[in-house]
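Me: I have a structure to go through before I get to the bench. Can we take it as quick questions, with the reasoning shown?

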Amino acid sequence: LKLKDDYEVVGVVEPDPAWRKKRENEKAYNGLKWMTEAELFAVPGLKLVSVETDVPDLTDAALRCVKAGFHIHLDKPGDVSFKKFSALLDEAGKRNLAVQLAYMFRGNPAFQFCIKAVKDGMLGRVYAFHAEMSRSMAPDYLKWMCQFEGGSTFIFGSHLVDLAVAMLGEPQKITPYLTRTDPAFANSDTGLVVMEYPRCVATIRTSGMDYDAEKRRHLCVSGDKGTIEIRPLEHPTTLRLSLKEDCPPYKKGTQTVEFPSMIDRYTNQLLELAGVIRGEIPNPYPLEYERLVQKCVLLTSGVALDA
C-alpha cells in the first residue's frame, strides 16, 4: 500500500472465517476488498500474489497461485516437505514466474553490505560465521512453533541459514543440535546448528525461551583480513567493520558503517520484485537458490529430505 508507484493492492483472500473475523478489523486491511480466491485470480492484469498463510498451508496456496499464472511473494520458511517445495519451484520455472521468499534480511542494506564484502574478498578468507536469533515467546506461540520439527531453528533460524548460504554457498555438512527444554512441547524450542565448509564453520543459535533476546540478536562474520559485526540485527541499521588493512573507502581499524533507515522490513524486497516482474533486473535470488536454501533449512531443522 505504501509503494503506490509500483503496486496496486486489489484485495485480500481469507477463506477461514475464524481468521477473517479475528483479523479483518486490523488497520492493515482498512479499505481493502475481501474476495474469494477465484475472484482474486480473475482480476484483470493481476501479476503478483503475496502468500502469507499459516505455515502448513503455504506451499499449497502458492502452487495454486503459480498454476494460475502469477508471480508470488511467499512467507517463509517454505514447507517441511522438500518434494512439495521443489514441485512449486519446478512449476514456477516452467512458467517463467518468480518465487520470492520473505526472508526479512534480504532487503536490509547492512546485510547486503556484508554479503558483498564476503564475496568481494574484503574480509579475506572467511573462517567463521556465527549468529543468533532468539525470542521470548508467549506459551501459545511456543506451542505453535514447536509443532514443527526443528521448532525455533525452523521458524527463526531459517533467516540466518539464508544469510549463510548467500555468503558461503552450500555447506558440505550440516549438524543440528536441537533441544526440547519443556517436555510439554512436541519439538525443539532451542537449537544450535553447525554448518561446515571446507575452510569455514558457521554456527547458528535460536531459542524461544530467551528473555529480552531481541537486543542480543547478532551476526559476526570473520576472515583473515577483517570482521563484520551486526548487533542487534535490525535496529539501528549499522554495522561494525574491523579491517586489518585499508580497503578504500574504509580504513584499517574498527569503524561504524551506517545505512539509510528502512521504511519496514520488506519494502526493499518488494521494490526489487517489481523490477524482476517488469524485466528490468534479473532475479538476485533465482529458483535454484531458493531450492538450496530450503534444503539447508530442513537439514538444520533435523528434517529428513523426502524424495
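Reply: The questions below go through helices, strands, single residues and aromatic rings in this predicted model.

Me: Does the span of helix α7 agree or disagree with its 17 residues, and what is the distance between its end C-alpha atoms?
Reply: Helix α7 covers residues 152-168. At 1.5 Å a residue, its 17 residues should span 24 Å. The model agrees with that, as the end C-alpha atoms are apart by 22 Å.

Me: On which residue is the kink in α7 centred?
Reply: The helix has a kink of about 50 degrees. The centre of that kink is S158.

Me: Is α7 largely enclosed or largely open, and how many of its residues are buried?
Reply: Buried here means under 20% relative accessible area. Nearly the whole helix meets that cut-off, so α7 is largely enclosed by the rest of the structure. The buried count is 16 of the 17 residues.

Me: Which residue just after α7 takes a positive phi?
Reply: The phi there is about 85 degrees. The residue is G169.

Me: How many residues does helix α4 have, and what is its reach from first C-alpha to last?
Reply: Helix α4 runs over residues 82-94 and has 13 residues. At 1.5 Å a residue, 18 Å is expected. Its reach in the model is close to that, at 18 Å.

Me: Against which elements do the buried residues of α4 pack?
Reply: The buried residues are F82, F85, S86, L88, L89, E91 and A92. An α-helix has 3.6 residues a turn, so residues three or four places apart point the same way. The buried residues of α4 pack against α3, β4, β5 and α9.

Me: Which residue takes a positive phi just after α4?
Reply: Its phi is about 55 degrees. The residue is N96.

Me: In what order do the strands of the three-stranded open sheet lie?
Reply: The pairing in this sheet is parallel. Its edge strands are β3 (48-51) and β5 (99-101), each pairing on one side only. The twist averages 15 degrees from one strand to the next. The order is β3-β4-β5.

Me: Which residue in β4 stands opposite L48?
Reply: β3 and β4 (residues 71-74) run parallel and are joined by four bridges. L48 stands opposite H71.

Me: Which residue in β8 stands opposite T179?
Reply: Strands β7 (residues 173-179) and β8 (residues 190-197) pair in the antiparallel sense over seven bridges. The residue opposite T179 is T190.

Me: How many residues lie between β8 and β9 in their hairpin?
Reply: β8 also pairs with β9 (residues 200-207), antiparallel, over eight bridges. One bridge in this pairing sets E196 against V201 in β9. Between the two strands of the hairpin there are two residues.

Me: Is Q294 buried or exposed, and which residues is it in contact with beyond four places in sequence?
Reply: Q294 lies in helix α9 (residues 287-300). Its relative accessible area is 1%, so Q294 is buried. Leaving aside neighbours within four places, Q294 is in contact with P77, G78, D79, F82, F85 and Y103.

Me: What is Q269 in contact with, leaving aside its neighbours within four places?
Reply: Q269 is found in helix α8 (residues 267-277). It is buried, with a relative accessible area of 1%. Its contacts are H73, Q100, L101, A102, Y103, R106 and G107.

Me: How many residues apart in sequence are the parts that the F41 and F70 pair ties together?
Reply: The count of aromatic pairs is ten. F41 and F70 form a tilted one, 5.4 Å centre to centre with 40 degrees between the planes. F41 lies in helix α2 (residues 37-41) and F70 in the loop between α3 (58-67) and β4, so the pair ties together parts apart in sequence by 29 residues.

Me: Which relative accessible areas do F41 and F70 have?
Reply: F41 is partly exposed, with 23%. F70 is buried, with 6%.

Me: Which residues do ring pairs link into a cluster?
Reply: The links are pairs of rings. The cluster is made of Y141, W144, F148, F154 and F156.

Me: How far apart in space are E26 and S207?
Reply: E26 sits in the loop between α1 (17-23) and β2 (34-35). It counts as partly exposed, at 35% relative accessibility. E26 and S207 are 181 residues apart in sequence, and C-alpha to C-alpha the distance is 29 Å.

Key:
Residues numbered from 1 in each chain as written. Predicted model: local features only at pLDDT ≥ 70, side-chain atom pairs only at ≥ 80, totals over all residues. Heavy atoms only, no water. Expected span 1.5 Å × (residues − 1). Bend = angle between axes of the 7 residues up to and from the residue. Buried < 20%, exposed > 50% of the residue type's maximum accessible area, 1.4 Å probe, protein only. Pairing = 2+ DSSP bridges. Axes fitted to C-alpha atoms, helices over the stretch in contact; angles between N-to-C directions. Contact = heavy atoms within 4.5 Å. Phe/Tyr/Trp six-rings, centres within 6.5 Å; stacked < 30°, edge-to-face > 60°.
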